[in-house]
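Please open the structure in your viewer and keep the selection panel handy. We will go from stop to stop, choosing a few residues at a time.

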Amino acid sequence: MKIFKKPLYLDDIIEQMEYAGSSSVFIVSLVCLFVGMALSLQLSAELSGLGLKMYTGKIVGIAVIREIGPLVTALVFIGRVGAGQAAEIGSMILGHQIDTLRVYGIDPIKKVVIPRVFASVVMLPCLTIIGDLVCLLGSYYIAVFVSNQSGSFFWSSIIRELTFENVFSGSIKPFIFGYLISCISCFYGLTTRGGAKGLRTSTTKAVVTSIVIVIAMDFVLTRVLLYLLGFTI
């Protein structure tokens, strides 16, 4: 693979990891916080009518770890990092910077694309872990301070759901999502033509295509993982 061949462009990789990772923590945390609060609020309202409010933590834990955490984080990642990658590479195309790299014998894929793909594959799982935790904290706040549930029982219900099947289902998805998002964004960035209007078009296509592909892939992965891990549907 090109990523393991010299030159490695470590400075570019670190720069992209900082952009994709630490610079995205706040927005990911903010979105996941309110998603977790809304989820817990809705579940508490529905389950209390059935006398099952104590199962809020269990359901929240499964939903966040398997589905909501990875998917919401990926969608936020698309809006911030994917769009940025497409726009940045598109600007490099329009400014003939990519052509300049070729003139100097530098592989644009190695220099421009691979650091962004690598950073996305590494940092999206890290952001997902943070998003899961913040989402659960938001759910905890609503469950305990709004619905008057037991905090210790809430967390014990979630801990019981940290099984291999649930954790594996939620942890494998971000790696695939990160790869797909970055590849799609870089592709549309590299195909940018036609000035500012073309840059707008390519960035929009990158975001829309990434959203559709990620949601569709989430369904496919969920179906496959449920089958492989022995869940009955």
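Select I59 to begin: at 33% relative accessibility this residue counts as partly exposed, a class that lies between buried (under 20% relative accessible area) and exposed (over 50%), using a 1.4 Å probe and protein chains only. I59 sits in helix α3, residues 56-94; helices here are DSSP runs of H or I with at least four residues, strands are E runs of at least two, and both are numbered from the N terminus. You are looking at a predicted model, in which local features need pLDDT of at least 70 and side-chain atom pairs count only at pLDDT 80 or more, while totals for chains, interfaces and linings use all residues. Residues are numbered from 1 along each chain as its sequence is written, and side-chain values use heavy atoms, leaving out hydrogens and water.

Now add L50, L52, M54, Y55 and F153 to I59, and you have a nonpolar surface patch of about 530 Å². Patch members have over 30% relative accessible area and no salt bridge, with nonpolar side chains (Val, Leu, Ile, Met, Phe, Trp, Tyr) joined within 5 Å.

Next, show K58 and E161, whose side chains meet in a salt bridge (2.8 Å, N to O). The term means a side-chain nitrogen of Lys or Arg within 4 Å of a carboxyl oxygen of Asp or Glu. This pair links distant parts of the chain, with E161 in the loop between α6 and α7 and K58 in helix α3, 103 residues apart. E161 is buried at 10% relative accessible area, whereas K58 is partly exposed at 35%.

Then pick E67 and K173, another salt bridge at 2.7 Å, N to O. Here helix α3 holds E67 and helix α7 holds K173, 106 residues apart. K173 is buried at 1% relative accessibility. Add D218 as well: E67, K173 and D218 are linked in a network of salt bridges.

For the last close-up, which residues lie nearest the centre of the largest pocket? Select I65, I129, D132, L162 and V167, out of 16 lining residues. A pocket is an open set of points on a 1 Å grid where a 1.4 Å probe fits, with protein on both sides within 12 Å along at least five of seven lines; lining residues have an atom within 4 Å of a point. Its space comes to about 320 Å³, and α5 gives the largest share of the lining, six residues.

Finally, zoom out to see eight helices and zero strands.

Technical notes
Points joined across faces, edges and corners; volume = space filled by probe spheres on them. Patch = residues over 30% accessible without salt bridge, like charges linked within 9 Å, V, L, I, M, F, W, Y side chains within 5 Å. Areas by Shrake-Rupley, 256 points an atom, 1.4 Å probe, with all protein chains shown as cover.
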